[in-house]
Amino acid sequence: MTNPSDIMSIRNVILLGPGGSGKTTLAESLFFNGKAIQQLGSVERGSTVFSTEPEEVSRGITMTSHIGHLSWRENFFNLIDTPGYIDFIEPIRAALQAVGGAVMLFSGVMGVKPENERLWGICEEFHLPVMGFINKMDKPRADFIRTLGQIETTFNKTVLPVTIPIGSGEDFRGIVDLIPLTAWSAKEGVFTQIDLPEESRADAIHYRTQLIEKIVELDDDLLEKYLEEGIEPEEAELHRCLKEALLTRRLLVVFCGSGLANIGVRALANGISYYLPSPGDKHNIHNPQAGCHMNDTQQKMTRLPEITSPFSGVVFKTTIDPFSGRLSILRVYSGILEADKPLFNSSRDIKEKGGHLYRLQGKQLIPVDRLNAGEMGAMAKLEHTRTGDTLCAIDDPILFKPVAYLEPILSFAVEVEGKTEEKVATGLLKLTEEDPTLHFFRNSETNEMILSGMGQTHLTITLERLKRKFGASATLKTPQVPYRETITTFARVQGKLKKQSGGRGQYGDCWIEMEPLPRGRGFEFEDRIVGGAIPRQFIPSVEKGIREVMDVGIIGGYPAVDFKVSLVDGTYHTVDSSDNAFRVAGAMAFKKGMEVGKAVLLEPIMAIEVSTPDDVLGDVIGDLNSRRGKITGMIPKPSGQTVTAEVPMAEVLDYGNVLNGLTSGRGLYTMRVLTYQEVPSHISRLVLDKRKKEL
């Protein structure tokens, strides 16, 4: 395989599509056609270039991005295969920063799926040029026309097929390439040109005429020649206009075929060469991720994608192996990255020693001495570097804008068997370095280890990887809700400790008044002792005793909040009184005050924003209402509605999975703790009964 001869020959391409749309199989055919491999592998057998993770092989799905490369004619492709299942889509954002364009796969059988819509929206955020490929035209019930219409309707985009199928389902046997008007088929695995079938001629001429007319509308000179002189543009002019329109996202170019049968894949590879940008083109189109600045002055800068520029690059994936260590996978934006040469991590303001360099072909590491501007590769054993970090020349620093991810939508407590807690915690922290959409932390209130991610499958597979890579076992359980306790009415109570057992006794006596405070005020203590009823040195001890007990409450073992304590009276003994005696007296007074003040349970209320398509808006609102939610507003959006609501935390611990089910993966949400409110009495009894059993 040849190396890229210059930056204009490189195509950094990401394959996007729903799970099961055939991305990995399509990539395998691209590798085979480009002679990067000698034999086609199988997803089912786990023998493809991108079959690298045991969990992926066992399930037959992609769960993380994989990188490979091939040569196609005069061009060099870096391919990134990506997950399509909803739990694993969010980390794709890092890889999107590293590429120049995308190929979006659609199933000729299933048409446009919700995951296509989600991925399309992310591509729009990145202003990324996208080509379409209608796959699986050889499957029963495949329908090219129906799928084409769904794409145009769903994305509200002008869709131009560049290839059309010859037959479909069991009759699918080839494609027509419309611009040269040639027909191609696969005979015994060899892709060859054939005569244009008569049954396809009328459709081919119709779509080709439509294609030409749309293209000439993009160029005034071509349009004038076409309308006035009837002159069709030459093929090179057609390709130029299509590329320009694709880069500015004015239309969507669509190919078709079968990745499994290797039909239409060569035409797609030609389309990638013709229409998707090289790194040299990329700086000419708007890309919000390209904003960068100096570390010290925050001065806005640009860095041209040329080998003569100072080195800069961004790490878009990290893998950690217990045996071979950390591997930082990066895209070089400018300059030259050399193996084992020191560099600067501007994201963390720290120097790195550098390490060995590799090109990636799935799990195969191919050593190289350098990577030039526009290329992708991996560097070993960068100690401080994480996914999203900018690497650059030590004497010419620059910082690229990092990718922003959605917050995790589902959290579970991690339960550890035996004395392996430290091993589990260390392993999970390393996995969060590989996957930026995983969060792992210890809840200081409940003392639970919490693992948060994009769905239950995401978290379950994370624990499988934890066991395989680090030999640590754990299970998931529903996390505890951080309830609170408070009083609802005024109380005046006494706390008195009097003990005499020979020798010096223990004596402390205090009167306190307790009153409720507004939500969020916490705890206030006021000293109102007059006349020396309690010596000054013992007053802090009373407060200390109250604080010790309020941290564990009295009705359910939850912290008490939002009340004021006033120390108003008391008595003391000149010999038997002590700091400890008044500390105990303060605790006794607080317990009585909670009882007299009619203590109740408080629960956290979440402010939640749910973005949902219009067709399931009623289902989403109905579900929120059923969860004791209060709808506070609705904001119209171009693709649906954003519903704002207030919902008890206890009712939305599993909301990520529920919303995915209600919206077929098209819904998104964010939430935060808004306030605490009193738990309804019938629910409070259930919570407290369960709590007593736990304690």
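A salt bridge is taken here as a side-chain nitrogen of Lys or Arg within 4 Å of a carboxyl oxygen of Asp or Glu. In this predicted model, Glu90, Arg93, Arg118 and Glu125 are joined through such contacts into a network. The structure holds 33 salt bridges, and several of them are described below together with the elements that carry them.

## Overall architecture

The protein has 695 residues, of which 56% count as buried. Its secondary structure comes to 17 helices and 37 strands, and its C-alpha atoms fill a box of roughly 110 × 55 × 50 Å along the principal axes.

## Salt bridges between separate elements

Side chains of opposite charge can pair when their charged atoms come close. The table gives three of the pairs, with the N to O distance and the element in which each partner lies.

| Pair | N to O distance | Location of the acidic residue | Location of the arginine |
|---|---|---|---|
| Glu53 and Arg468 | 2.7 Å | loop between H1 and helix H2 (54-59) | helix H12 (residues 456-470) |
| Glu433 and Arg326 | 2.3 Å | helix H11 (residues 421-434) | strand S15 |
| Glu513 and Arg492 | 2.8 Å | strand S31 (residues 506-516) | strand S30 (residues 491-499) |

Glu53 forms a salt bridge with Arg468, the closest N and O atoms being 2.7 Å apart. Because Glu53 lies in the loop between H1 and helix H2 while Arg468 belongs to helix H12, the pair ties together parts that are 415 residues apart in sequence. The partners differ in their cover: Glu53 counts as buried, at 19% relative accessibility, where the cut-off for burial is under 20%, whereas Arg468, at 37%, counts as partly exposed.

In the second pair, the side chains of Glu433 and Arg326 meet at 2.3 Å, N to O. This contact links helix H11 to strand S15, with the two positions 107 residues apart in the numbering, and both Glu433 and Arg326 are buried.

The third pair brings together the side chains of Glu513 and Arg492, with an N to O distance of 2.8 Å. Here the bridge links strand S31 with strand S30, and the two residues are 21 residues apart. Glu513 counts as buried at 16% relative accessibility, while Arg492 is partly exposed, with a relative accessible area of 41%.

## Strand S15 and its neighbours

Strand S15, which carries Arg326, spans residues 325-334 and is mostly covered, since nine of its ten residues are buried. It pairs with strand S14 (residues 312-321) in the antiparallel sense over nine bridges, and within this pairing Ser312 has Ser334 of S15 as its bridge partner. S15 also runs antiparallel to strand S22 (residues 376-380), to which five bridges join it; in that pairing, Leu327 stands opposite Ala380 of S22.

## Helix H1

Helix H1 (residues 23-33) is likewise mostly covered, with nine of its eleven residues buried. These buried residues are Lys23, Thr24, Leu26, Ala27, Glu28, Ser29, Leu30, Phe31 and Asn33. An α-helix has 3.6 residues a turn, so residues three or four places apart point the same way. After H1 comes Lys35, whose phi is positive, near 60°.

## Positive phi in two loops

Which residue has a positive phi in the loop between strand S16 (336-338) and strand S17 (343-345)? Asp340 is found in that loop, and its phi is near 60°, a positive value in a residue other than glycine. At 45% relative accessibility, Asp340 counts as partly exposed.

Asp349 has a positive phi of about 55° although it is not a glycine. Its place is in the loop between S17 and strand S18 (350-352), and at 54% relative accessibility Asp349 counts as exposed.

## A negative surface patch

On the surface, Asp220, Asp221, Glu224, Glu228 and Glu229 gather in a patch of negative charge. One of these residues, Glu228, is found in helix H7 (residues 220-229). Glu228 is exposed, because its relative accessible area of 63% passes the cut-off of over 50%.

Key: Residues are numbered from 1 along each chain as its sequence is written. This is a predicted model: local features need pLDDT of at least 70, side-chain atom pairs count only at pLDDT 80 or more; totals for chains, interfaces and linings use all residues. Side-chain values use heavy atoms; hydrogens and water are left out. Patches are made of residues with over 30% relative accessible area and no salt bridge: like charges are joined within 9 Å, nonpolar side chains (Val, Leu, Ile, Met, Phe, Trp, Tyr) within 5 Å. Accessible areas come from the Shrake-Rupley method with a 1.4 Å probe; for residues, only the protein chains shown count as cover. Lys and Arg count as positive and Asp and Glu as negative; His and the chain ends are not counted. The place of a charge is taken as NZ of Lys, CZ of Arg, CG of Asp or CD of Glu. Helices (H or I, at least four residues) and strands (E, at least two) are DSSP runs, numbered from the N terminus. Buried means under 20% relative accessible area, exposed over 50%, partly exposed in between (1.4 Å probe, protein chains only). Two strands pair if DSSP finds at least two bridges between them.
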